Amino acid sequence: MLSIGEFSKICEVSTKTLRYYDEIGLIHPDEINPENGYRYYSTKQLTKMLFINRLKSYYFSLEEIKDILELEQDQSEEKLSAALNLKKREIQEKLRAYEYTLKQINSDVINLEKGISMMSYLNKIEVQLVDTKPMNILFTRQMLSSDDYELGYGMYFSKLYEKIASEKLTLLGTPITIYHSHEYNPAGNDTEFALPIEEIVKGTREIPVGLCAKSVYKGPYSELTSVYAKLREWIENEGYELVKSPYEIYLTDPTQATVPEDLVTEVYFPVKKRS
């Protein structure tokens with residue numbers, strides 16, 4: 001048996017952390033002396049503790065680790081492999097995001113050294129006035145928090161695609177998101193997911209013909225706020241006003257884009273001339 005201090009030293013985990021792990025049911029001492037409360041761990045528990053440390057190094061949360069430890073023996077390898085693959089994809093996504101951020105920082109540094117403003121990229125965002133055609137859309141509308149967006153996009157668009165397939169409907173274009181909230185709320189925003197189809201069936205509506213200020217942006221979705229800012233500035237300067245909710249049309253399938261820079265999005269602001 002190892003005292004909590006010896007176990008702590010071997011595994012490089014503080015005794016305070018070990019006591020916390022005991023409280024949350026992650027790993028319990030093999031024995032607690034009833035007279036003095038001293039905690040003891042068996043040498044067999046070293047492997048379990050090292051396994052916990054390894055999962056932590058892979059950025060699993062303690063709750064995720066606890067779920068993995070509670071897997072049934074006959075299912076553990078298969079489910080552990082699935083959990084590792086999921087975590088691997090999450091880390092790859094973060095790496096791609098960091099790589100893009102590094103490129104942006106390098107570009108900003110170079111521009112600043114040349115005496116060019118960091119925000120000069122806004123001047124490259126072009127705005128045009130277009131007349132849009134009416135679209136019949138199959139839609140679903142949800143309140144989504146900022147944390148739900150990524151999951152929500154995949155889930156709700158998937159349901160729309162499933163309905164199109166099951167009812168043999170005719171798809172006419174790429175996914176659309178319409179933002180109905182008047183202000184940003186991290187707790188939840190009124191978001192409509194839509195696909196243009198030919199048939200008029202239950203769950204469809206029309207986006208009417210109208211005048212729109214439009215921008216086409218090539219790059220990650222996180223940068224679309226810059227496009228929105230540019231569009232609002234253009235609308236103000238050119239004497240127009242927003243009359244309906246803005247919407248985005250995704251020309252590129254995010255699952256097919258190898259890097260965020262390849263994503264192409266059209267942003268539309270329905271407008272009318274200010275009286």
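This passage describes helix packing, strand pairing, burial and backbone conformation in a predicted model.

In the N-terminal part of the predicted model, helix 1 (residues 4-11) and helix 2 (residues 15-23) pack at an angle of about 105 degrees, and their axes lie 9 Å apart. Because angles from 65 to 115 degrees count as roughly perpendicular, helix 1 is described as roughly perpendicular to helix 2. On the side of helix 1, the contact is formed by Ile4, Gly5, Phe7 and Ser8, which meet Thr15, Leu18 and Arg19 of helix 2. By residue class, this contact between helix 1 and helix 2 comprises three nonpolar residues, three polar residues and one charged residue. The loop between these two helices contains Glu12, a residue that has a positive phi of about 55 degrees although it is not a glycine. Most residues other than glycine have a negative phi. Glu12 is also exposed, its relative accessible area being 73%.

An open sheet of three strands is arranged in the order 1-3-2, with antiparallel pairing. Strand 1 (2-3) and strand 2 (31-32) form the edges of this sheet, each of them pairing on one side only. Between strand 2 and strand 3 (residues 39-41), the antiparallel pairing extends over two bridges, and within it Ile32 is placed opposite Arg39 of strand 3.

Helix 3 (45-57) has 13 residues, for which a rise of 1.5 Å a residue predicts a span of 18 Å; the end C-alpha atoms of helix 3 are 18 Å apart, in agreement with that expectation. The buried residues of helix 3 are Gln45, Leu46, Met49, Ile52 and Leu55. An α-helix has 3.6 residues a turn, so residues three or four places apart point the same way. Just after helix 3, the backbone at Tyr59 takes a positive phi of about 70 degrees, a value found here in a residue other than glycine. Tyr59 is located in the loop between helix 3 and helix 4 (62-69), where, with a relative accessibility of 63%, it counts as exposed. Tyr59 is one of the residues touched by Lys87; when residues up to four places away in sequence are not counted, Lys87 touches Tyr58, Tyr59, Phe60 and Glu64. Lys87 itself belongs to helix 5 (residues 73-113) and, in contrast to the exposed Tyr59, counts as buried at 7% relative accessibility.

Further along the chain, strand 6 (residues 176-179) is joined to strand 11 by three bridges, the two strands running antiparallel. In this pairing, Ile176 stands opposite Ile249 of strand 11, while the bridge partner of Thr177 in strand 11 is Glu248. Strand 6 also pairs with strand 7 (residues 189-196) in the antiparallel sense, over four bridges, and in strand 7 the bridge partner of Ile176 is Ala194. Ile176 thus has a partner in strand 7 as well as one in strand 11. Both faces of strand 6 are covered, with Ile176 and Ile178 buried on one side and Thr177 and Tyr179 buried on the other.

Strand 11 (residues 247-250) is likewise covered on both faces: Tyr247 and Ile249 are buried on one side, and Glu248 and Tyr250 are buried on the other. Strand 11 and strand 12 (residues 264-273) pair in the antiparallel sense over four bridges, and Ile249 stands opposite Glu266 of strand 12. Ile249 accordingly faces Ile176 of strand 6 and Glu266 of strand 12.

Helix 7 (residues 224-237) is covered in part by these same elements, since what covers its buried residues includes strand 6, strand 11 and strand 12, along with strand 4 (128-132), strand 9 (210-218) and strand 10 (240-242). The buried residues of helix 7 are Leu224, Ser226, Val227, Tyr228, Lys230, Leu231, Trp234 and Ile235. For the 14 residues of helix 7, a rise of 1.5 Å a residue gives an expected span of 20 Å, which agrees with the 20 Å between its end C-alpha atoms. Just after helix 7, Gly239 takes a positive phi of about 80 degrees.

Notes: Residues numbered from 1 in each chain as written. Predicted model: local features only at pLDDT ≥ 70, side-chain atom pairs only at ≥ 80, totals over all residues. Heavy atoms only, no water. Axes fitted to C-alpha atoms, helices over the stretch in contact; angles between N-to-C directions. Parallel < 35°, antiparallel > 145°, perpendicular 65-115°, else oblique. Contact = heavy atoms within 4.5 Å. Nonpolar A, V, L, I, M, F, W, Y, C, P; charged D, E, K, R; others polar. Pairing = 2+ DSSP bridges. Buried < 20%, exposed > 50% of the residue type's maximum accessible area, 1.4 Å probe, protein only. Expected span 1.5 Å × (residues − 1).
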